[in-house]
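Open the model in your viewer and keep the selection tool at hand. The tour goes through helix contacts and enclosed spaces, one stop at a time.

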Amino acid sequence: MKILITGNMGYVGPSVVKRLRQTIDNVEIDGVDNAFFAHCLTAREGLPERHLDRQFFRDVRDLRAGDLVGYDCVVMLAAISNDPMGARFERVTRAVNQDTALDIAEMAAAAGVGHLVFASSCSVYGIASGPPRREDDSLNPVTAYAASKIGTEAGLAKIGGDMTVTSLRFATACGMSDRLRLDLVLNDFVAAAIADGRITVLSDGSPWRPLIDVADMARAIEWAATRPPDNGGRNLVVNAGATSANYQVRDLARAVADAVPGCTVSINEAAPVDSRSYQVDFSRFATLAPNHLPTMSLGDSIEALVTGLRDLGFADPDFRNSPLIRLTVLKSLIAQGLLSDDLAWTGRIPSVASAPLMKELAQ
């Protein structure tokens with residue numbers, strides 16, 4: 001089996017590559033990434049890309065039909081990947097997360113790719129009071145990021161041919177990675193606990209969030225990359241996570257504090273209620289993928305983050321302005337003149353992200 005992963009050099013990609021390498025016999029794995037975050041390493045055992053057969057450096061907006069020929073599966077992780085980045089780069093978010101994703105999907109279908117996996121998000125539910133959201137419930141996106149995921153899901157449903165398409169509406173990501181992000185709720189709390197001994201929750205802590213560890217995201221992607229079309233249908237949209245892993249933000253903060261001796265929690269009980277709150281029902285995923293359900297508990301994810309950060313000697317109380325925050329990295333690259341405002345390399349650096357390296361992919 002030959003797999004191409006777009007955006008493999010981000011937060012989720014290293015876990016996905018490692019999982020696919022370990023679990024699929026005779027697999028061949030290539031990655032394509034524009035390397036914005038290549039330097040944001042938190043790996044303890046070398047580059048994550050050592051598990052690949054080939055790493056191609058290229059903007060996914062520049063992929064062409066011939067680049068996808070010969071692949072059995074395309075996993076689409078490439079995205080402007082959170083709400084703050086979506087707000088700062090709204091036009092690019094639509095261009096990359098939706099327009100380019102759909103272009104790649106169309107090219108993959110035309111190239112005879114058998115499986116396509118799209119990393120969608122439970123953020124499509126946005127503001128959702130009441131019972132946990134199921135896949136057929138109404139959507140209420142409140143960010144450019146969430147809107148781009150909905151647009152891509154809708155476009156994927158219109159693709160013809162025999163390609164098996166799976167849109168995984170992932171719960172909020174968390175956990176340790178070889179390219180760690182700290183701009184995620186649980187990861188932020190753990191970093192604050194270690195670096196400052198104090199977690200400050202700016203809201204009243206009542207909003208609900210479902211969580212999934214990156215290791216379990218990789219398990220779900222493995223299932224989607226190999227599932228037969230009669231298991232869920234040729235084009236499937238499914239919430240990916242565990243119903244038991246819906247948490248209120250204040251409970252996440254307290255769980256982290258319990259795991260880090262001496263850590264205190266401050267919750268702004270007087271703050272207006274954060275309307276971005278939703279619980280999610282993952283029962284469809286449990287039925288379709290019983291052998292690929294999440295195995296990492298909240299405690300497991302916290303322990304892995306605590307251990308990983310301490311092993312790195314992490315102690316930066318100003319981490320929200322560090323390279324472990326993705327928006328900070330992009331702003332820095334733009335300020336240095338290395339990236340344009342539409343997030344394209346300007347050519348002012350050695351051509352590590354150059355298109356010629358992609359030639360091998362089309363051969």
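A pocket here is an open set of grid points with protein on both sides within 12 Å along at least five of seven lines, and a volume is the space filled by probe spheres set on the points. The model on screen is a predicted one.

**Stop 1: the second largest pocket**

Select S15, K18, M176, S177 and D178. These are the residues closest to the centre of the second largest pocket, out of 23 that line it. The pocket holds about 510 Å³ of space.

Which elements should be coloured here, as giving two or more residues to the lining? They are α1, α6 and α9, the last covering residues 298-311. Of the elements, α1 gives the most, with five residues. Sorted by class, the lining comprises eight nonpolar, seven polar and eight charged residues.

**Stop 2: α1 against α6**

Keep α1 (residues 13-23) selected and add α6 (residues 214-226). Their axes lie 8 Å apart, and the helices pack at an angle of about 50°. Angles outside the parallel, antiparallel and perpendicular ranges count as oblique, and α1 and α6 are therefore oblique to each other. Their crossing is right-handed.

To see the contact itself, show side chains for S15, V16, R19, L20 and T23 on α1. On the α6 side, show V214, A215, A218, R219, I221 and E222. S15 thus appears at two stops: it takes part in this contact, and it is among the residues closest to the centre of the second largest pocket. By class, the α1 and α6 contact residues are six nonpolar, two polar and three charged.

**Stop 3: α5 against α9**

Next, select α5 (residues 185-196) together with α9. How do the two axes cross, and within what distance do they come? They come within 10 Å and cross at roughly 50°. The pair α5 and α9 is therefore oblique as well, and its crossing is right-handed.

From α5, display L186, N187, V190, A191 and I194. From α9, display L298, S301, I302, L305, V306, L309 and R310. Colouring these contact residues by class gives nine nonpolar, two polar and one charged.

**Stop 4: the cavity**

How many cavities of 30 Å³ or more does the structure hold? There is one. About 70 Å³ of space lies in the largest cavity. Select T6, M76, A78, V96 and A101 to find it; of the 13 lining residues, these are the closest to its centre.

Then colour α3 (90-110) and β5 (115-121), the elements that give two or more residues to this lining. The largest share, four residues, comes from α3. By class, the lining of the largest cavity has ten nonpolar residues, two polar and one charged.

Definitions and conventions:
Residues are numbered from 1 along each chain as its sequence is written. This is a predicted model: local features need pLDDT of at least 70, side-chain atom pairs count only at pLDDT 80 or more; totals for chains, interfaces and linings use all residues. Side-chain values use heavy atoms; hydrogens and water are left out. Axes are lines fitted to C-alpha atoms, for helices over the stretch in contact, and angles run from 0 to 180 degrees between N-to-C directions. Angles under 35 degrees count as roughly parallel, over 145 as roughly antiparallel, 65 to 115 as roughly perpendicular and the rest as oblique. A crossing is left-handed if the near helix is turned anticlockwise from the far one by less than a right angle, and right-handed if clockwise. Contact means heavy atoms within 4.5 Å. Ala, Val, Leu, Ile, Met, Phe, Trp, Tyr, Cys and Pro count as nonpolar, Asp, Glu, Lys and Arg as charged, and the others, Gly among them, as polar. On a 1 Å grid over the protein atoms alone, a cavity is a set of points where a 1.4 Å probe fits but cannot get out, and a pocket is an open set with protein on both sides within 12 Å along at least five of seven lines; lining residues have an atom within 4 Å of a point.
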